[in-house]
Amino acid sequence: MSVLDILLTLPFWTAALRIATPLIFGVAGAVLCERAGVLNLGIEGIMTAGAMTGWLAVHLGAGLWGGVLAAALTGALLGLLLAGLTVTLGLSQHVSGLAVTLLATSAAYFGYRLALPGAETPPRIVPFAPLALPLLSDLPVLGPVLFRQTALTLLALGAIAGLALFLARTPLGLALRAVGENPAAVEAQGIDVHRLRAGAVVAGSALMALGGAFLTLSAFNAFFFEMVAGRGWICIALTVFAGWRPGKALLGAVLFGAFDAFQVRLQQVAGGAVPGQVFLMLPYLLSIAALLAGARNARAPKALMVPFIRGER
Amino acid sequence: MIRLQPRTETPALLRLAVPVAAALVALALAALPLALAGAPVLRAYASMAQGALGSRFALTEVVTRATPLILTGLAAAVAFRARLYNIGAEGQLYAGALAAVAVGAGAVAAPPALLVPLVLLAGALAGAALMLGPTLARVLLGADEVVTTLLLNFVVLLLVQMMIEGPMKDPMSLGWPQSEPLADAALLPKLVERTRLHAGLLVALAAALLTHLLLARTVAGFAIRAVGASSPAARFAGLPVAGTLVGVGALSGALAGLAGAGEVAGVKGFLAADLSPGYGYAGIVVAMLAGLSPLGTVAAALFVAAVFVGADSMSRAIGVSSYIANLIVAMALIAVLVAGLLTRYHVRLAPGPAAR
C-alpha cells in the first residue's frame, strides 16, 4: 500500500475529519478568546471537565443533547472563573490559565470518583451514531466524508463557520477584535471592555468543553482519565499556526487530523519495526513544528495577554 | 465601591501572610467536596492531619515527597522570575530520570562518592538540555515556551515508555515495564533507616540556598530579576536579555532534571512511568505559593507534600478519592493568585470613582 493509496481513500478523510473534530471545537474557542486578548490556558482542563460532565449527564439519563448542554455549561462556568481572574482582576494569564486547568482536571477526576465509587471499568453509554441524512449522505465523496459523521462534527464545522462570520461581519465581532488590539480605544467608544472580554472567554470556554464532550459522546463511549491527552495544548499551538484566523484554524485542525489518521495507518503497515510510541509522539512534535512555523510570521492580537485596567495606561 | 491603589512597597509581614492565608482558604474550601462526597468533614480533616503529621513515619514521608517538589518548585520559581514560563518540569524530571538510569544502571562503574554525583549531574544536564529547545524557540522565533514545554512533556513521557519497554527494560521484571535497577553504588544513601527519606533532601536544600544566593547576591541573578521586571528596560540598560533567558532556562531545566535523578537514585532505584505523580505541575503551585522566593519553596513544598500525604491516608481511612489533594493544591494556587493582589495594591473603600 503506497502513501497515495492511503490518501485517496474516502474512509481516510472521514477519519481525518472525525479526529479533527475536538480540535476544531478547541481551536474555535481559543481563537475567540485570544482575538479578545485573553490567552486561555485553561483549555486542557476545560476539555477534560467537558468530557466528564457531558458523559456523566448522559450516564445519568439526560440524553445525548443533555450531555452536550451539560458540557457547554461546565465550560462556560470555568470560563467565568478564568475571566474573573484574568479580565476583572487582571492577573497573569499564563498562571491563571494553568490554575484553571489544574482545578478543572482535578475536579473532573474527583467528580468521576464521586459519581462512581469503586468502578473498575468505566460504564459505557450509547454515543452519537453517524448521521444518515436523506440525499446529503448519498452524495459522492462529500456524502461519506461530511454527512456520515456524527452530529457533533457538523456542529463543530458550524461553530467555526459561525465564528468566522461573527468576527468578520458583525459589529460585535468588530468590537471584539478591537478589544484584542486596542482596548483603550474601544473603551473610549463607550463599550465595556471587561464585559466583552469576559463574554468571549465564557463562550470560547464553552466551545472548548464541547471538544472534550466529543471524545466521550462521539469518539468513544466512556470517560477515561487523561483521555484529552494534550489536545488542548495542541489547539493553542494550532491557533498560532493559523495566525488567529478561523478559516486557517479549521484548515490546520483538518490537516492535523489527516496527519493523525495517516500515522495510525502507517503504524498498521510499518508497525513492529518501529516502537508504537514513536508514532504516538508524532502529533505532539507536529504541533511544536506548527507553532514554530506560525511564530515566525505571527501577527498576534496586539493586546493579547495585556490586562486592561480602567484609568491606567 | 472598592478601589485598588498600587502599593509603593509591601510590608514583609503581608508578604508572608498571603500564602499562609491562601493555603488555609484552600484547606477550608475542601470542606465542600468532602461534604459532597458524604464524608464526615471534621473527621476527614483530622484524618488528613493525622496522616501527614501524626507520626514520625508520616513526617519523614512528607519530607520525602517534598524533596522533588522543592526542586521542581525552584525550577518554576527561577524561570518565572525572568518571566520564562517553563511548564515543562514534568518532562525535564523524566529526562533527568532517564539520564540517571543511563549512567547509573551499570554503564559506569565507580565508587559511590563518584557515581552518585555523576548520576545527579547527568540528570541535571538532561533536564537543562531539554529546556534549551523551548528557550531558543522563544528567544529566536518568539514561540510561546508554555506551549512548547507542555507539548514536550507528552513526548518525553512516551520516550520513557519506549525506553522502559525496549532498550532499558529490566529483563528480571517479569514483563512489567520498568528500567534496570541502578547499581548499589549509584543510590543516594538513606537519611533515616526504615523510611524512604534519602540524601536527595540535602541536595534539594542546598539547591534552594544556592538559588537564593544566585538571585539575591550575584550579577547573573540581578540580570534574571531585571529581565523579569522589564525586558525592554533590561535590554536598554545593556543586559544580555537572550543570554540571560537561555541561562535561566538551562538552570530551571537542570533543577527539574535533578528532581528526576533524585527520585530514581533516592526512592525507587529504577525508572517506571509512574515515577512522578505530577511533581512537575505541582512545582508551579509550590513556586507561586512561595512568591517565587527560592527559600520559600522549601516551606511551600512541605505544605503541598503534607496535603498529598494527608489526603492519601484520609482516602484509605474514609474512602474519599485522593484526588481531593489535587483539588486542594489547585485551589491554593488560585487563592494565592488572588491574594497576591493584596501585596501589590491597597484595597480602599471609596464613595465613588471620583474619590482619590
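Let's start where the two chains meet: in this predicted model, chain B brings 35 residues to the contact and chain A brings 34 residues. On the chain B side, at least two residues each come from helix 2 (31-36), helix 6 (112-141), helix 7 (145-165), helix 12 (279-289) and helix 14 (323-344). Helix 14 of chain B gives the most, with 11 residues. What classes of residue make up the side of chain B that touches chain A? There are 29 nonpolar and 6 polar residues there, and no charged ones.

Now let's look inside chain B, at two pairs of helices that share helix 8.

| Helix pair in chain B | Axes come within | Crossing angle |
|---|---|---|
| Helix 8 (residues 200-217) and helix 9 (residues 219-229) | 5 Å | roughly 75° |
| Helix 4 (residues 56-81) and helix 8 | 9 Å | roughly 20° |

An angle from 65 to 115 degrees counts as roughly perpendicular, and helix 8 and helix 9 of chain B are therefore roughly perpendicular to each other. From helix 8 of chain B, the contact uses B:Leu214, B:Leu215, B:Ala216 and B:Arg217, while helix 9 of chain B offers B:Ala220, B:Gly221, B:Ile224 and B:Arg225. By class, this contact has 5 nonpolar, 1 polar and 2 charged residues.

The angle in the other pair makes helix 4 of chain B roughly parallel to helix 8 of chain B, and the crossing of these two helices is left-handed. Among the residues that meet here are B:Val63, B:Ile70 and B:Leu74 in helix 4 of chain B, and B:Leu201, B:Ala204 and B:Leu215 in helix 8 of chain B. The contact of helix 4 with helix 8 in chain B divides into 10 nonpolar, 3 polar and 1 charged residues.

Conventions. Residues numbered from 1 in each chain as written. Chains lettered and ligands numbered in written order. Predicted model: local features only at pLDDT ≥ 70, side-chain atom pairs only at ≥ 80, totals over all residues. Contact = placed C-beta atoms within 7 Å. Helix = DSSP H or I, 4+ residues; strand = E, 2+ residues; numbered from the N terminus. Nonpolar A, V, L, I, M, F, W, Y, C, P; charged D, E, K, R; others polar. Axes fitted to C-alpha atoms, helices over the stretch in contact; angles between N-to-C directions. Parallel < 35°, antiparallel > 145°, perpendicular 65-115°, else oblique. Left-handed = near helix turned anticlockwise from the far one by under 90°.
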